[in-house]
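Student: I have a protein model to study. Can you take me through it, one question at a time?

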Amino acid sequence: MGVLALTLLITACGPATLPPGDQVEDQYEARNRAAHEFNLSLDQSLLGPTSDAYGNSVPEPVRDGVSNFASNLNQPGYVINNLLQLRLGDAAQNTLRFAINSTLGVAGLFDVASELGVPAESTDFGETLHIYGFGEGDYIVHPVLGPSTTRDTVGMVVDFAMNPLRHHVDTPESYYLTATSVASGLDSRYQFDGTIDSILYESADSYAQLRSLYLQQRRFELGGAAATYEDPYAGDDPAAAAEAVAADPYYDPYSDPYFDPYAQ
């Protein structure tokens, strides 16, 4: 009866309507910009140098193994969300992937499942809320954690709380799990160093650019249409650029729906 009720609820609600690719709800912009500036300072002083040191000192096969291990830890959370979304095929695939990599892949150090044609069907509780009809909400920038939305912030907290591995791993082993997640993040920062630096430090407004990249990529992940990129500076016509901005208060000249600098 519980599963039937859940099915009827999802069917009745349906996924939330995704905003157009260029629409931004950013009522907390002043606070978000302050958090963005903090994150830039943190990246310059700590994350960037640490990721360079990690990437240059640790051999690539070792870094790949750590990232694979960290990725494997996400699989149980994917399965739970798959079940909540009634995507039973994805749940079965993620379960099989976790089983293969946890055994044949030596606790996830090797991604044997992908080699066998069993890729991860990544998801999160933010997507679950989307499927249940909860809207995106406002754009939010968190210190350290970076871009998010009201809905995805709730999803992030729930994902953290309901990950079954958090309830079955004691200290000090739990610290090792956290350390591998941090190391995986450093590896991603190292791998995409040039692109991330160009976004954060070489753009006219890194806050606006990162906001556009995050929102369009997230909406695309949830099933939205990819927005097309138009360069207002094409032809070196500043007047045309000014007219474009004046005509659309949400216009972002840096938008690119296909790139996610933090994708793993």
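**Burial, pairs and patches**

Tutor: Start with R218. The model is predicted. In it, R218 has a relative accessibility of 8%, so this residue counts as buried.

Student: Which residues join into one network through salt bridges that share partners?

Tutor: Side chains of opposite charge can pair when their charged atoms come close. Salt bridges that share partners make a network here. The members are D43, R189, D193 and D197.

Student: How many salt bridges does a search of the whole structure find?

Tutor: The search covers the whole structure. The pair R63 and D187 is a salt bridge. So is the pair D152 and R218. The total is 13.

Student: How far apart are the closest N and O atoms of R63 and D187?

Tutor: R63 sits in helix α3 and D187 in helix α10, 124 residues apart, so the pair links distant parts of the chain. A salt bridge needs a nitrogen within 4 Å of a carboxyl oxygen. The closest N and O atoms of R63 and D187 are 2.7 Å apart.

Student: Is D187 buried or exposed?

Tutor: Buried means under 20% relative accessible area. R63, its salt-bridge partner, has 5% and counts as buried. D187 has 6%, so D187 is buried.

Student: How many residues apart in sequence are D152 and R218?

Tutor: The two side chains meet in a salt bridge, 2.9 Å from N to O. D152 lies in helix α8 and R218 in helix α12, so the pair ties together separate parts of the sequence. Both residues are buried. Their separation is 66 residues.

Student: E221 and R218 also meet in a salt bridge. What separates them along helix α12?

Tutor: An α-helix has 3.6 residues a turn, so residues three or four places apart point the same way. E221 and R218 are three residues apart in helix α12. Their N to O distance is 3.2 Å. Along the helix, they are separated by about one helical turn.

Student: Is E221 buried, exposed or partly exposed?

Tutor: Buried ends at 20% and exposed starts over 50%. E221 has a relative accessible area of 41%, so it falls in between. E221 is partly exposed.

Student: What distance should helix α10 span, at 1.5 Å a residue?

Tutor: Helix α10 runs over residues 173–191, which makes 19 residues. The expected span uses one less than that number, times 1.5 Å. The end C-alpha atoms are 27 Å apart, in agreement with the expected span of 27 Å.

Student: Which helices do the buried residues of α10 pack against?

Tutor: First, list the buried residues. They are L177, T180, A183, S184, L186, D187, S188 and R189. They pack against α2, α3 and α11.

Student: Which residues does the ring cluster hold?

Tutor: The structure holds two aromatic pairs. Y139 and Y207 form an edge-to-face pair, with centres 6.1 Å apart and planes at 70°. Y139 and Y214 form a tilted pair, at 6.4 Å and 55°. Ring pairs thus link a cluster of Y139, Y207 and Y214.

Student: Where do Y139 and Y214 lie, and how many residues apart are they?

Tutor: Y139 has a relative accessibility of 1%, so it counts as buried. Its pair with Y214 links distant parts of the chain. Y139 lies in strand β1 and Y214 in helix α12, 75 residues apart.

Student: Which residues is H130 in contact with, leaving aside its neighbours within four places in sequence?

Tutor: H130 lies in helix α7. Its relative accessible area is 4%, so H130 is buried. Beyond the neighbours, its contacts are G14, P15, A16, L18, R151 and L222.

Student: Which residues form the nonpolar patch on the surface?

Tutor: F38, in helix α2, has 43% relative accessibility and so counts as partly exposed. A patch takes residues with over 30%. The patch has about 390 Å² of accessible area together. Its members are F38, V144, L145 and M156.

Student: Across the protein chain, what share of residues counts as buried?

Tutor: The chain comes to 13 helices and two strands. It exposes about 14,400 Å², and carbon and sulfur atoms supply 62% of that. Of its 264 residues, the buried share is 37%.

How values were computed
Residues are numbered from 1 along each chain as its sequence is written. This is a predicted model: local features need pLDDT of at least 70, side-chain atom pairs count only at pLDDT 80 or more; totals for chains, interfaces and linings use all residues. Side-chain values use heavy atoms; hydrogens and water are left out. Helices (H or I, at least four residues) and strands (E, at least two) are DSSP runs, numbered from the N terminus. Buried means under 20% relative accessible area, exposed over 50%, partly exposed in between (1.4 Å probe, protein chains only). Accessible areas come from the Shrake-Rupley method with a 1.4 Å probe; for residues, only the protein chains shown count as cover. Contact means heavy atoms within 4.5 Å. Patches are made of residues with over 30% relative accessible area and no salt bridge: like charges are joined within 9 Å, nonpolar side chains (Val, Leu, Ile, Met, Phe, Trp, Tyr) within 5 Å. Rings of Phe, Tyr and Trp (its six-membered ring) pair if their centres lie within 6.5 Å; planes under 30 degrees apart count as stacked, over 60 as edge-to-face and the rest as tilted.
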